[in-house]
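Q: Please take a close look at a single part of this structure. Once that part is clear, set it against the rest of the chain.

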Amino acid sequence: MSTSTTVPEQFSGYAAFEPQGDTFTLKKHSYTPRPFEEDDVDIKITASGICGSDIHVLRSGWGPSKYPAIVGHEICGEVVRAGKNSGHQVGDKVGVGAQCNSCRQCAACKENNENYCKKAWCATYQGALKDGQYTQGGYADYYRCPGHFAIKVPEGLDLKVAAPLLCAGVTVFSPLHHYGAGPGKRVGVIGIGGLGHLGIQFAKALGAETFALSTSKSKEEDCKAMGADGVLVTKDADSLLKEYAGTFDLLLGTSFAPDMPFDTLYMPLLKPRGHIIQVGLPEERLPGIKPQAIFGKSITGSLIGSPEEIKQMFEVAVKHNVKPWIQERPMSDAQQAVQDMHEGKARYRYVLVNDQ
Ligand SMILES: [Zn+2]
Ligand SMILES: [Zn+2]
């Protein structure tokens with residue numbers, strides 16, 4: 001038997017109704033969620049982080065989006081209806097990241113790599129459903145998804161603080177963990193924003209010597225407070241390379257500019273067998289790289305993390321006190337908060353909070 005408290009027939013949130021430019025307009029929008037199934041949960045949303053992806057999608061920056069578009073995929077809240085096969089109970093505190101479903105049958109899914117499922121990857125918003133319907137995200141009052149993709153938030157993690165971990169957190173945690181960030185390793189985090197500020201904290205939590213790489217020293221104090229062992233200014237590549245060439249095991253690319261110095265700075269900073277992992281997703285292509293620059297080194301990418309990795313990340317976050325630096329905004333302020341995010345004002349994550 002499924003159990004439930006009262007869940008409305010329609011869910012309601014803040015949507016864009018057309019591709020956005022540099023000025024955002026979000027309006028109230030109610031929609032009927034897809035039918036509830038027995039492996040689903042309904043979540044009453046407490047908090048929803050604002051991710052860079054939200055801005056790209058609202059602007060149709062990665063290709064045409066579907067409108068009306070309610071975005072938001074750093075969702076935390078309380079289970080108010082639990083299907084009998086959902087693995088949850090009413091009252092559970094859970095979080096949902098950027099993925100709300102996969103086929104759960106293929107090799108990738110069976111190996112806890114649901115985030116690389118090629119058969120039925122369903123995005124938390126804009127994800128394809130039956131009959132031309134699509135998922136709507138977390139700038140809303142409720143969210144419905146399979147319980148498998150609703151991860152229990154551990155005691156001791158405030159839901160508002162936990163929200164940005166669901167996308168930004170696991171996006172940096174997964175590759176750091178996978179590529180062996182840990183004691184004796186040197187990690188550089190390129191770009192200090194929503195992703196980067198968590199990259200620094202998780203690299204330190206995993207035990208690596210950690211440097212922030214930034215275009216200026218303006219965030220130096222913040223980076224040190226996040227645990228960085230140093231801040232390297234990337235403008236003067238030559239002097240940086242004199243001291244640091246060939247010393248980094250991993251570089252985590254969280255920001256992007258079309259003229260990023262892959263050949264001239266990032267690759268030379270890496271040790272032999274070092275990796276640069278690009279997690280920030282631009283609207284442009286990566287710049288061309290000379291093959292000579294990647295001898296003995298690799299450039300790779302990483303896409304969010306699996307439910308299992310989200311669980312591991314939560315454990316590390318609780319144990320080592322990794323905490324997103326958040327600024328709370330009322331859900332009703334979604335439009336202005338998105339505008340401020342677009343203008344680069346977030347330090348370092350806005351979290352939309354519902355009245356409870
Ligand atoms: Zn995201
Ligand atoms: Zn699959």
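A: Four donors count as tetrahedral if all angles lie between 85 and 135 degrees; four count as square planar and six as octahedral if opposite donors are over 155 degrees apart and all others between 65 and 115, and anything else is irregular. Donors are N, O and S atoms within 2.8 Å of the metal (3.2 Å for Na, K and Ca), and sites may look incomplete, as water is not among the atoms. This is a predicted model, in which local features need pLDDT of at least 70 and side-chain atom pairs count only at pLDDT 80 or more, while totals for chains, interfaces and linings use all residues. Residues are numbered from 1 along each chain as its sequence is written, chains are lettered from A and ligands numbered from 1 in the order written, and side-chain values use heavy atoms, without hydrogens or water.

The part chosen is the site of the zinc ion (ligand 2), which is tetrahedral, with angles of 105 to 116° among its four donor atoms. Those donors are the SG atoms of Cys 103, Cys 106, Cys 109 and Cys 117, at 2.3 to 2.4 Å. Along the sequence, the donor residues follow the spacing C-x2-C-x2-C-x7-C. Cys 106 sits in the loop between strand 7 (99-101) and helix 2 (107-110), and Cys 117 in the loop between helix 2 and strand 8 (122-123), so this pair ties together parts 11 residues apart in sequence. Helices (H or I, at least four residues) and strands (E, at least two) are DSSP runs numbered from the N terminus. Cys 106 has 13% relative accessibility and counts as buried; Cys 117, at 4%, is buried too. Buried means under 20% relative accessible area, exposed over 50%, and partly exposed in between (1.4 Å probe, protein chains only).

The other zinc ion (ligand 1) is coordinated by Cys 51 (SG), His 73 (NE2) and Cys 167 (SG), at 2.0 to 2.2 Å. Its donor residues are spaced C-x21-H-x93-C. Cys 51 is in the loop between strand 4 (40-49) and helix 1 (52-58), and His 73 in the loop between helix 1 and strand 5 (75-82), so the pair ties together parts 22 residues apart in sequence. Cys 51 is buried at a relative accessible area of 6%, and His 73 is buried at 6%.

Now the rest of the chain. An automatic or database assignment sets the domain bounds, giving domain 1 (3-167 + 322-353) and domain 2 (169-301). Their C-alpha centres lie 28 Å apart. Across the boundary, 14 residues of domain 1 are in contact with 18 residues of domain 2, contact meaning heavy atoms within 4.5 Å.

A nonpolar core is a set of buried Ala, Val, Leu, Ile, Met, Phe, Trp, Tyr and Cys residues joined through side-chain atoms within 4.5 Å. The largest has 49 residues, and Leu 165, Leu 176 and Phe 314 are among those with the most contacts inside it. Elements giving it two or more residues include helix 4 (168-178), helix 5 (196-205) and helix 9 (307-320). Each of the two domains supplies at least three residues to this core. Apart from it lies another core, of 40 residues, Phe 24, Ile 55, Leu 58 and Cys 122 among them. Over the whole chain, 55% of the 356 residues are buried.
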